[in-house]
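Biologist: I am new to this one. Show me the model, and let me ask how you know what you say.

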Amino acid sequence: MFSRILIPIDLHDDTKARSMIDAAVQLRGQDGQIVLLHVVEDIPSYVAIELPSGILASQKEESIRTLEDLSRREGLNAAIDVRIGQPASAILEAADEHGSDVIVIASHRPGLQDYLIGSTAARVVRHSRCSVLVIR
Ligand code: ADP
């Protein structure tokens with residue numbers, strides 16, 4: 001059993017969210033805590049200057065609401081974490097900060113099955129200090 005489970009969800013494509021959540025619920029002990037994480041990808045400043053100001057902040061707000069809805073719908077009572085940054089680095093940082101003992105991550109976006117594992121998932125598996133469960 002794991003007591004602190006981190007589920008990074010790419011909200012642009014959450015088709016694997018269901019399988020990740022099912023796995024996390026099975027791994028969770030009686031008092032286990034689930035954290036749902038989304039990383040809003042940071043944009044280079046030369047791109048940001050062309051965009052309306054506050055776009056990342058509003059994406060962050062929207063992502064928090066989406067994850068809160070998901071947690072409520074699934075009855076997870078999960079903690080929500082939304083960060084701005086580079087997905088793999090932010091996932092690894094979040095795992096350290098939350099003291100996660102397992103990260104449940106999807107292998108890649110559907111349609112990219114030719115690759116064994118996506119680039120974010122690969123970096124997380126390679127660098128994580130805690131166990132990682134890769135959902136296919
Ligand atoms: P692909 O390269 O096929 O898109 P990724 O490695 O990027 O595959 O994604 C695999 C998994 O990594 C996602 O299903 C999700 O669990 C996690 N992930 C990727 N991007 C993000 C993100 N921006 N925020 C949170 N989790 C993410």
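Biologist: Which residues surround the ligand most closely?

Modeller: This is a predicted model. In it, 18 residues surround the ligand. The closest are Pro8, Val39, Arg109, Thr120 and Ala121.

Biologist: What makes Pro8 a polar contact of the ligand?

Modeller: The cut-off is 3.5 Å between N or O atoms. A backbone N or O atom of Pro8 lies 2.7 Å from an oxygen atom of the ligand. That pair is within 3.5 Å, so it counts. Thr120 also counts, because its backbone N or O atom lies 2.9 Å from a ligand oxygen. The protein covers 92% of the 550 Å² of accessible area that the ligand has on its own.

Biologist: Which elements supply the shell around the ligand?

Modeller: Strand 2 (28-41), helix 4 (87-98), strand 4 (102-106) and helix 5 (119-127) each supply at least two residues. By type, the shell divides into 11 nonpolar, five polar and two charged residues.

Biologist: Why is the largest set of 21 residues called a nonpolar core?

Modeller: Its members are buried nonpolar residues joined through side-chain atoms within 4.5 Å, so the name applies. Those with the most contacts inside it include Ile5, Ile7, Met20 and Val104. Helix 1 gives the most to this core, with five residues.

Biologist: What does Val104 touch?

Modeller: Leaving aside residues up to four places away in sequence, Val104 touches residues including Ile5, Met20, Leu27 and Ile135.

Biologist: Which residues belong to the other core, apart from that one?

Modeller: That core has 14 residues, among them Val35, Ala95, Ala121 and Val124. Ala121 is also one of the residues closest to the ligand.

Terms used: Residues numbered from 1 in each chain as written. Predicted model: local features only at pLDDT ≥ 70, side-chain atom pairs only at ≥ 80, totals over all residues. Heavy atoms only, no water. Near = heavy atom within 4 Å. Polar contact = N/O pair within 3.5 Å; in protein donor to acceptor, adjacent residues only side chain to side chain. Areas by Shrake-Rupley, 256 points an atom, 1.4 Å probe, with all protein chains shown as cover. Helix = DSSP H or I, 4+ residues; strand = E, 2+ residues; numbered from the N terminus. Nonpolar A, V, L, I, M, F, W, Y, C, P; charged D, E, K, R; others polar. Buried < 20%, exposed > 50% of the residue type's maximum accessible area, 1.4 Å probe, protein only. Contact = heavy atoms within 4.5 Å.
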